[in-house]
Amino acid sequence: MTAGLLGATLGAVCSQEEKHSSDEVAKEKSGAVVHKARGSGRWFPGSRKQLEADVKRYIEEAKPPKVDGRIVATIAPHAGYRFSGPVAGYTFRALADQAAAGNKPDVVVILGFSHSIAFPGVSLMEGDGIETPLGVAALDSETGRKLTNLSSRLFFKYALHRDEHSAENEIPFVQAALPGVKIVVGVFGEHDPRNLETVTELAKALNELAKTRNVLVVASTDMRHNADYDLVAKTDAVTLKAIEAMDEQAMVKQGVEADGVCGIMPVLTVMRFAALQGCKKAVTLRYRNSGDDYPESRGNWVVGYGAVAFAVEKQAWR
Ligand SMILES: [Zn+2]
């Protein structure tokens with residue numbers, strides 16, 4: 001990558017981050033523990049006014065195809081908002097429309113992964129809330145505890161969320177599309193899709209949770225990263241086909257052989273969870289890559305972004 005292009009494409013490089021030293025945890029006067037979103041001013045605008053305007057526009061301008069049934073899980077990208085925000089808008093427009101029709105979840109479980117640290121299992125963010133420029137999103141610690149009680153591979157540890165943007169970048173979209181809905185934020189420390197024990201346990205735990213709570217799961221991932229625009233477009237088309245068909249084997253192959261998505265474990269988890277819920281086929285709501293919108297990135301650095309919904313036949317939650 002040339003130095004000149006670095007600035008233009010930084011937001012598209014999902015593994016690239018700056019280090020900030022600001023406090024990540026603030027104790028409020030009430031004793032509540034509220035984390036500070038670390039992506040403000042980096043991955044998304046740091047001012048409330050700008051972030052609100054951008055996210056609203058991404059959601060309002062999105063025109064997702066009609067999805068039959070009730071969406072129980074989704075996929076959304078997590079790059080810098082000016083690159084992937086318009087695609088994420090499709091995911092969250094579908095969820096906002098569903099909520100407006102009376103189907104609002106009790107809790108949104110956001111699944112990201114650590115771009116920088118490897119560890120066994122999935123770390124959930126403990127505490128009472130996380131503050132973005134749009135306000136404090138309440139963390140549903142009771143639901144988080146239910147999950148950690150269901151599997152020893154799921155545990156609370158905020159330190160493993162520090163400086164990780166994959167899950168955090170979905171939070172302002174949840175705040176805008178589903179205001180007031182509590183969240184659980186998890187990051188995977190595993191990246192090898194040939195070992196699916198944690199995916200299996202998490203999907204089972206989410207399915208168990210869904211017996212008593214109306215659960216919506218958001219998997220955070222970007223798609224192929226490569227200099228070659230055609231290769232990115234071609235790989236992502238194959239990956240989206242595997243996701244749509246909910247073909248786990250094909251998806252593992254895309255993860256291992258084609259480097260198809262950075263968030264392979266979150267994606268496999270929502271595929272499993274959706275299947276347990278009764279979903280038969282996923283719907284791609286939108287696909288773009290950074291080479292479509294920033295042609296100068298072709299030949300230098302191109303990243304694919306997909307918005308996907310998994311729905312079940314049953315129209316309404318309880
Ligand atoms: Zn990524």
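Two strands count as a pair if DSSP finds at least two bridges between them. Keep that in mind for the first exercise; the model you are looking at is a predicted one.

**Exercise 1. The strands E6 and E7**

Work out how many bridges join strand E6 to strand E7, and whether the two run parallel or antiparallel.

*Solution.*
- Step 1: Find the strands, E6 at residues 129–132 and E7 at residues 135–138.
- Step 2: Count the bridges that join E6 to E7; there are four. The cut-off for a pair is at least two.
- Step 3: Check the direction: E6 and E7 run antiparallel.
- Step 4: Look at the link, where a hairpin joins E6 to E7 through two residues. Thr132 stands opposite Gly135 in E7.

**Exercise 2. The sides of helix H8**

Find which residues of H8 are buried, and which are exposed on the other side.

*Solution.*
- Step 1: Pick out the buried residues of H8, namely Met251, Gln254 and Gly255.
- Step 2: Ask how these three are arranged around the axis. Their arc is only 95 degrees, so they lie on the same side of H8.
- Step 3: Turn to the other side of H8, where Gln249 and Glu257 are exposed.
- Step 4: See what covers the buried residues of H8: helix H7 (229–244) and helix H9 (264–277) are among the elements that do so.
- Step 5: Move past the end of the helix. H8 is followed by Asp259, which has a positive phi, near 55 degrees.

**Exercise 3. Val252 in its setting**

Decide whether Val252 is buried, partly exposed or exposed, and name its contacts beyond four places in sequence.

*Solution.*
- Step 1: Place Val252 in helix H8, which spans residues 248–257.
- Step 2: Count the other C-beta atoms within 10 Å of Val252, which gives 19. Buried needs 20 or more and exposed needs 12 or fewer, so Val252 is partly exposed.
- Step 3: Set aside the neighbours within four places in sequence; Val252 is then in contact with Pro193 and Arg194.
- Step 4: Try a C-alpha to C-alpha distance too: Val252 and Ala233 are 19 Å apart in space and 19 residues apart in sequence.

**Exercise 4. The whole protein**

Determine how the radius of gyration of the protein relates to the globule rule for 318 residues.

*Solution.*
- Step 1: Take stock of the secondary structure, with ten helices and 13 strands.
- Step 2: Put the radius of gyration, 18 Å, beside the 20 Å that the globule rule gives for 318 residues; the two are close, so the protein is as compact as a globular protein of that length.
- Step 3: Add the burial: 52% of the 318 residues count as buried.

Technical notes:
Residues numbered from 1 in each chain as written. Predicted model: local features only at pLDDT ≥ 70, side-chain atom pairs only at ≥ 80, totals over all residues. Contact = placed C-beta atoms within 7 Å. Rg over C-alpha atoms; globule rule 2.2 N^0.38 Å. Arc of directions from axis to C-beta.
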